[in-house]
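Biologist: Hi! Could you open the model and walk me through it?
Modeller: Sure, here it comes.

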Amino acid sequence: MKRKLSVVSLSFVLILLIATLAGCSTGQEKTANIQEEALNSKKENQVVNLYTDRHYDTDEKLYELFTEETGIKVNVVKGKSDELIERLAREGKDTEADLLITADAGRLHRAKTKDLLQPVTSNTLTNNIPTNLRDKDNEWFGLTVRGRIIVYSKDRVDPSELSTYEDLVNPKWKGKILVRSSSNIYNQSLLASFIAIDGEEKAKQWAKGIVENMARDPQGNDRAQATAVVAGEGDIAIMNTYYIGKMLNSSNPEEVKVAKNVGIFFPNQDTTGTHINVSGVGLTKYAKNKENAIKFMEFLSSPKAQEQFAQANYEYPANPSVEPSDLLKSWGEFKPQNINLSKLGEFNQKAVEIFNEVGWK
Ligand code: FE
């Protein structure tokens, strides 16, 4: 009897146990479902907010590709470089921007010194972007590369007469050099590179010599200098490589004509190399979607994004494993200056002072 009872009670305990376990597993499933739903809704709400000075349709396709791959939506605010930096500074902690994309290492450095960016630790980024094309504290990363080159009148200049930036101060070029104002960051970065390479005094002599050889007071943008060469106002202009690409592919036939009538020359090939600069990206100091932002930075540095990203603005990819476009390849390979582009920012103020001193308007 005693034994019977214990069997019954054992069976009872067993049934109770199974029932409890069954109940438990339903509970677990429920928890799992809730967790999955939360994850999905979190995924749907994943965003990265971008302030950018770029405005290319091909960029939109890249953003879509990134969203397809990661579920992270890219929200874009487009604006002019300096205005975006001012806006970031004004918004402070309240900014919605996670990332800033802007042209020129000098400008990226400015955003850094205004304490608007933060360092990023990412092996993907440091593997994809060479050391000289990123901030030494990894607060910004170059994504595309441009050269600041010499273009010349095919009618009046024999390219064998050209050699270096330094040679442009030779009296033989008196009244023949066209270059934009010194208030422009591209010229400030160019002079900053000379300060980094040759020192202040030589850089100052160069700037002074250019002022003496100018065909006219600086006016207009880079494209306007090439236009003035073809119009016969001067023989030689200093400008960024991508403007040639833009002009060759312009809907304005006048621009196409200008671009076809100037020669392209990469200076300092036997010496210090042609001046290069970047367009790049930085993680904002108060980024609210930091993880997503770093994922997006890594995506933009990847081979698959680099090709399109660089081609949109006729620039060279910063990732050395990616080939430049056929147009850029047709200009030949060139030796770039061998300095860390952080220097362009570090010597920006000095460059501005020199320009003022020598009267480069
Ligand atoms: Fe530009």
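Biologist: Which residues coordinate the iron ion?
Modeller: Tyr-186, Tyr-242 and Tyr-243 do, each through its OH atom, at 1.9 to 2.0 Å. Keep in mind that this is a predicted model.

Biologist: What spacing do those donors follow along the chain?
Modeller: The pattern is Y-x55-Y-Y. Tyr-186 is in helix α6 (residues 185–198) and Tyr-243 is in helix α9 (residues 241–248), so this pair links distant parts of the chain, 57 residues apart.

Biologist: Are Tyr-186 and Tyr-243 buried or exposed?
Modeller: Both Tyr-186 and Tyr-243 are buried. Tyr-242 is buried too.

Biologist: Let's switch to rings. How many aromatic pairs are there in the whole structure?
Modeller: The search finds 11 aromatic pairs. One of them is formed by Phe-66 and Phe-299, with 5.2 Å from centre to centre and 50° between the planes, which makes it tilted.

Biologist: Where do Phe-66 and Phe-299 sit in the chain?
Modeller: Phe-66 belongs to helix α2 (residues 57–70) and Phe-299 to helix α11 (residues 290–301). They are 233 residues apart, and the pair links distant parts of the chain. Both Phe-66 and Phe-299 are buried.
Modeller: Two of the iron donors also pair up: the rings of Tyr-242 and Tyr-243 are tilted, at 4.3 Å centre to centre and 40° between the planes.

Biologist: Which residues form the aromatic cluster?
Modeller: Tyr-165, Phe-194, Trp-206, Phe-355 and Trp-360 form one cluster. There is also a ring with a charge over it: the charged end of Arg-54 sits over Phe-309, 3.5 Å from the ring centre.

Biologist: Now Arg-134. Where is its place?
Modeller: Arg-134 is in the loop between α5 (123–128) and β5 (141–153). The residue is buried yet has no salt bridge. Asp-135 has the nearest side chain of opposite charge, and that is 9.0 Å away.

Biologist: What does the side chain of Arg-134 reach, then?
Modeller: It reaches the backbone oxygen of Thr-126 at 3.2 Å. The Arg-134 side chain also makes a polar contact with the side chain of Asn-138, at 3.3 Å.

Biologist: How many salt bridges does the structure hold?
Modeller: It holds 22. Among them, the side chains of Glu-60 and Lys-78 meet at 3.1 Å, N to O. Glu-60 is in helix α2 and Lys-78 in strand β2 (residues 73–78), so this salt bridge ties together parts that are 18 residues apart in sequence.

Biologist: Why does Glu-60 count as partly exposed?
Modeller: Because its relative accessibility is 32%, and partly exposed covers the range between the 20% and 50% cut-offs. Lys-78 is partly exposed as well, with a relative accessible area of 47%.

Biologist: Which residue forms a salt bridge with Arg-110?
Modeller: Asp-82 does, with the closest N and O atoms 3.8 Å apart. Arg-110 lies in helix α4 (residues 105–113) and Asp-82 in helix α3 (residues 81–91), so the bridge ties together parts that are 28 residues apart in sequence. Asp-82, Arg-107 and Arg-110 are linked in a network of salt bridges.

Biologist: And which residue does Arg-87 bridge to?
Modeller: Arg-87 pairs with Glu-91, and their closest N and O atoms are 2.9 Å apart. They are four residues apart in helix α3, so about one helical turn separates them.

Note on methods
Residues are numbered from 1 along each chain as its sequence is written. This is a predicted model: local features need pLDDT of at least 70, side-chain atom pairs count only at pLDDT 80 or more; totals for chains, interfaces and linings use all residues. Side-chain values use heavy atoms; hydrogens and water are left out. Donors are N, O and S atoms within 2.8 Å of the metal (3.2 Å for Na, K and Ca); water is not among the atoms, so sites may look incomplete. Helices (H or I, at least four residues) and strands (E, at least two) are DSSP runs, numbered from the N terminus. Buried means under 20% relative accessible area, exposed over 50%, partly exposed in between (1.4 Å probe, protein chains only). Rings of Phe, Tyr and Trp (its six-membered ring) pair if their centres lie within 6.5 Å; planes under 30 degrees apart count as stacked, over 60 as edge-to-face and the rest as tilted. A charge sits over a ring if NZ of Lys or CZ of Arg is within 6 Å of the ring centre and within 35 degrees of the ring normal. Lys and Arg count as positive and Asp and Glu as negative; His and the chain ends are not counted. A salt bridge is a side-chain nitrogen of Lys or Arg within 4 Å of a carboxyl oxygen of Asp or Glu. A polar contact is a pair of N or O atoms within 3.5 Å; within protein, one must be able to donate a hydrogen and the other to accept it, and residues adjacent in sequence count only if both atoms are side-chain atoms.
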